[in-house]
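User: I am new to this structure and would like to understand how its descriptions are justified. Could you take me through the reasoning step by step?

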Amino acid sequence: MAKVVSTLFISADGVAEIDPDWHFPYFDENMGRAVNEDYATADVLLIGRETYDSFAGAWPDRESAGGVDAPFAKQLGDVRKVVVSRQPLEFSWRNSELISGDLVDAVTALKADTGSKGILIPGSISVVQQLLAAGL
């Protein structure tokens with residue numbers, strides 16, 4: 001059974017959000033290593049639409065630019081991305097698909113997939129909250 005791991009950038013007082021003013025100035029080698037370890041354990045990214053839009057708006061361009069972020073950007077492009085949205089979406093980023101049906105049912109099926117090593121939820125706070133409420 002695949003393990004579900006959520007990675008949130010959260011402050012000591014419990015604020016979880018991606019705010020460039022307090023996130024990027026503190027991103028260092030240790031944080032980079034922790035992020036890489038999380039991504040190395042997953043072959044599925046479970047992300048909400050806002051996180052998808054943010055990632056898809058940045059990482060494909062970083063991959064094609066070939067800079068220092070290109071290897072990680074390629075890793076993100078290659079991984080299966082399962083997107084949670086209540087509206088139909090057209091995907092511009094490879095290996096992206098929309099969850100069909102109920103979120104809890106879909107995640108239960110993803111967890112049960114014997115071919116999956118892990119499911120990573122980077123950000124997507126509302127998705128994490130729904131899964132916690134459902135006991136997943």
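User: Let us begin with Asp105: where does it lie, and why is it called exposed?

Analyst: In this predicted model, Asp105 is part of helix α6, which covers residues 103-112. Its relative accessible area is 53%, and because a residue counts as exposed when that value is over 50%, Asp105 is called exposed. Computed along the chain and through space are two separate matters here, and for the pair Asp105 and Arg86 the separation is 19 residues in sequence and 15 Å from C-alpha to C-alpha.

User: Why is Ser124 called buried or exposed, whichever applies, and which residues does it contact?

Analyst: Ser124 has a relative accessibility of 9%, and since buried means under 20%, Ser124 counts as buried. This residue sits in the loop between β5 (118-122) and α7 (125-133). When neighbours within four places in sequence are left aside, Ser124 is in contact with Leu46, Ile47, Gly48 and Thr51.

User: How do you know that Glu29 and Arg33 form a salt bridge?

Analyst: The N to O distance between their side chains is 3.7 Å, and because the cut-off for a salt bridge is within 4 Å, the pair qualifies. Both residues belong to helix α2 (residues 29-40), where they are four residues apart, about one turn of the helix. Glu29 is exposed at a relative accessible area of 64%, whereas Arg33, at 39%, is partly exposed.

User: What makes Arg49 and Asp53 a salt bridge, and why is each of them called partly exposed?

Analyst: The closest N and O atoms of Arg49 and Asp53 are 2.8 Å apart, which satisfies the limit of within 4 Å. These two residues are also four residues apart, about one turn of the helix, in α3 (residues 49-56). Arg49 has a relative accessible area of 26% and Asp53 has a relative accessibility of 40%; because partly exposed covers the range between under 20% and over 50%, the term applies to Arg49 and to Asp53.

User: What does the salt bridge between Glu63 and Arg94 tie together, and how do you know it is one?

Analyst: The side chains of Glu63 and Arg94 meet at 3.1 Å, N to O, which again lies within 4 Å. Glu63 lies in helix α4 (residues 59-65) and Arg94 in the loop between β3 (80-84) and β4 (96-98), so the pair ties together parts that are 31 residues apart in sequence. Glu63 is partly exposed at 22%, and Arg94 is partly exposed at 35%. The two also belong to a network of salt bridges that links Glu63, Lys74, Asp78 and Arg94, and the structure holds seven salt bridges.

User: Why are β1 and β4 said to stand at the edges of the sheet?

Analyst: The open sheet has five strands in the order β1-β5-β2-β3-β4, with parallel pairing. β1 (3-7) and β4 each have a single partner strand, so one side of each is left without a neighbour in the sheet. On average, neighbouring strands of this sheet are turned by 25° against each other, direction ignored.

User: How do you know that β1 and β5 pair?

Analyst: Two strands pair if there are at least two bridges between them, and β1 and β5 have five bridges, in the parallel sense. One example is Thr7, whose bridge partner in β5 is Pro122. As for what lies across the sheet, α3 crosses β2 (44-48), β3, β4 and β5, running at about 110° to β2.

User: Which residues touch the most other members of the largest nonpolar core?

Analyst: That core has 16 residues, and those touching the most other members are Tyr39, Leu45, Tyr52, Trp59, Phe72, Leu76 and Trp93. Two or more residues each come from α2, β2, α3 and α5 (70-78). A second, separate core has 15 residues, including Val82, Val84, Val127 and Val128.

User: What is the mean pLDDT of the chain, and where is confidence lowest?

Analyst: The mean is 87, and 94% of the residues reach 70 or more. Confidence is lowest in helix α1 (residues 20-23), with a mean of 66, and highest in β4, at 96.

Conventions:
Residues numbered from 1 in each chain as written. Predicted model: local features only at pLDDT ≥ 70, side-chain atom pairs only at ≥ 80, totals over all residues. Heavy atoms only, no water. Buried < 20%, exposed > 50% of the residue type's maximum accessible area, 1.4 Å probe, protein only. Contact = heavy atoms within 4.5 Å. pLDDT = per-residue confidence, 0-100. Axes fitted to C-alpha atoms, helices over the stretch in contact; angles between N-to-C directions. Core = buried A, V, L, I, M, F, W, Y, C linked by side-chain atoms within 4.5 Å.
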